[in-house]
Amino acid sequence: MKRLIFLIVSLVLLLTACGPAFDQKAQLDHQTKVVLASLKTETQQMQVIDDATSAFPSTFESAFKDDPTGNLKHNADVAALIDRRSAAYEKLSKAQGDLQKATTGLNKLSTQDHGDLPSAQLKSVLSSLKLALLDFKTFDEYYKEMQNAETTFFSDVTAANGDHALVDEALGRVNQFGSSLSQQAEIIVANYATMTAEVETLQTAIDKMK
């Protein structure tokens with residue numbers, strides 16, 4: 001009986017000692033996978049936004065040619081392009097929210113080292129994530145400014161009443177915002193590619209944790 005009690009107590013002590021480390025590894029693994037998934041989704045959706053933004057001028061010009069005085073914001077091709085971009089932005093924003101939560105989780109784990117934490121890799125990822133969150137804020141501001149410029153653009157087109165020269169001027173103005181947004185997207189996509197490699201290195205280190 002004493003032997004059985006001793007074995008039970010020993011097992012409890014062993015599980016208690018190992019528990020925090022195992023729990024930390026599981027949490028670290030989960031948050032890291034969320035980061036990888038979020039980076040992948042954001043990269044994909046930024047590409048959709050960039051493609052839709054780049055296609056806007058030619059799509060609009062084609063619609064204008066067919067119906068110079070029509071309500072071109074509701075032209076089937078133009079509206080479909082804007083809807084596609086808006087849907088991508090919603091997915092992008094959700095992924096960004098997941099990334100922010102995962103970053104918070106990783107920051108918390110970085111302060112709870114039980115001795116087996118891949119600290120160097122984690123610090124590298126957290127540093128890159130901090131910059132990535134700042135980059136996204138900039139991208140988000142550009143996106144919203146482009147939306148405002150687009151609203152003004154369609155108002156200008158309506159006021160132009162088919163005047164090709166005035167419409168060209170308005171299109172040139174809104175294209176400036178689109179070009180700036182595309183530049184921001186290119187920067188972030190490039191940074192995300194580098195970050196993905198860093199996070200994959202962290203994932204490899206996590207797999208080696210005891």
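How many aromatic pairs does a search of the whole structure find? In this predicted model, the search finds 9 aromatic pairs.

The protein chain that holds these pairs contains 4 helices and 0 strands. From the N terminus on, its elements follow the order α-α-α-α. Of the 210 residues in the chain, 36% are buried. The chain exposes about 12100 Å². Carbon and sulfur atoms supply 56% of that area. Among contacts with a separation of 6 or more, 85% involve residues 24 or more positions apart.

A pair of aromatic rings is described by the distance of the centres and the angle of the planes. One pair joins F60 and F153. Their ring centres lie 4.8 Å apart and their planes meet at 70 degrees, so the pair is edge-to-face, the class for angles over 60 degrees. This pair links distant parts of the chain. F60 sits in helix 1 (residues 2-66), whereas F153 sits in helix 3 (residues 119-160). The two residues are 93 residues apart. Both F60 and F153 are buried.

F60 also forms an aromatic pair with F154. The geometry is again edge-to-face, with 6.4 Å from centre to centre and 70 degrees between the planes. Here too, distant parts of the chain are linked: F60 belongs to helix 1 and F154 to helix 3, 94 residues apart. F60 has a relative accessibility of 1% and therefore counts as buried, the cut-off being under 20%. F154 has a relative accessible area of 9%, so F154 is buried as well.

These residues belong to a wider group. Ring pairs link F56, F60, F64, F153 and F154 into a cluster.

Key: Residues are numbered from 1 along each chain as its sequence is written. This is a predicted model: local features need pLDDT of at least 70, side-chain atom pairs count only at pLDDT 80 or more; totals for chains, interfaces and linings use all residues. Side-chain values use heavy atoms; hydrogens and water are left out. Buried means under 20% relative accessible area, exposed over 50%, partly exposed in between (1.4 Å probe, protein chains only). Contact means heavy atoms within 4.5 Å. Accessible areas come from the Shrake-Rupley method with a 1.4 Å probe; for residues, only the protein chains shown count as cover. Rings of Phe, Tyr and Trp (its six-membered ring) pair if their centres lie within 6.5 Å; planes under 30 degrees apart count as stacked, over 60 as edge-to-face and the rest as tilted.
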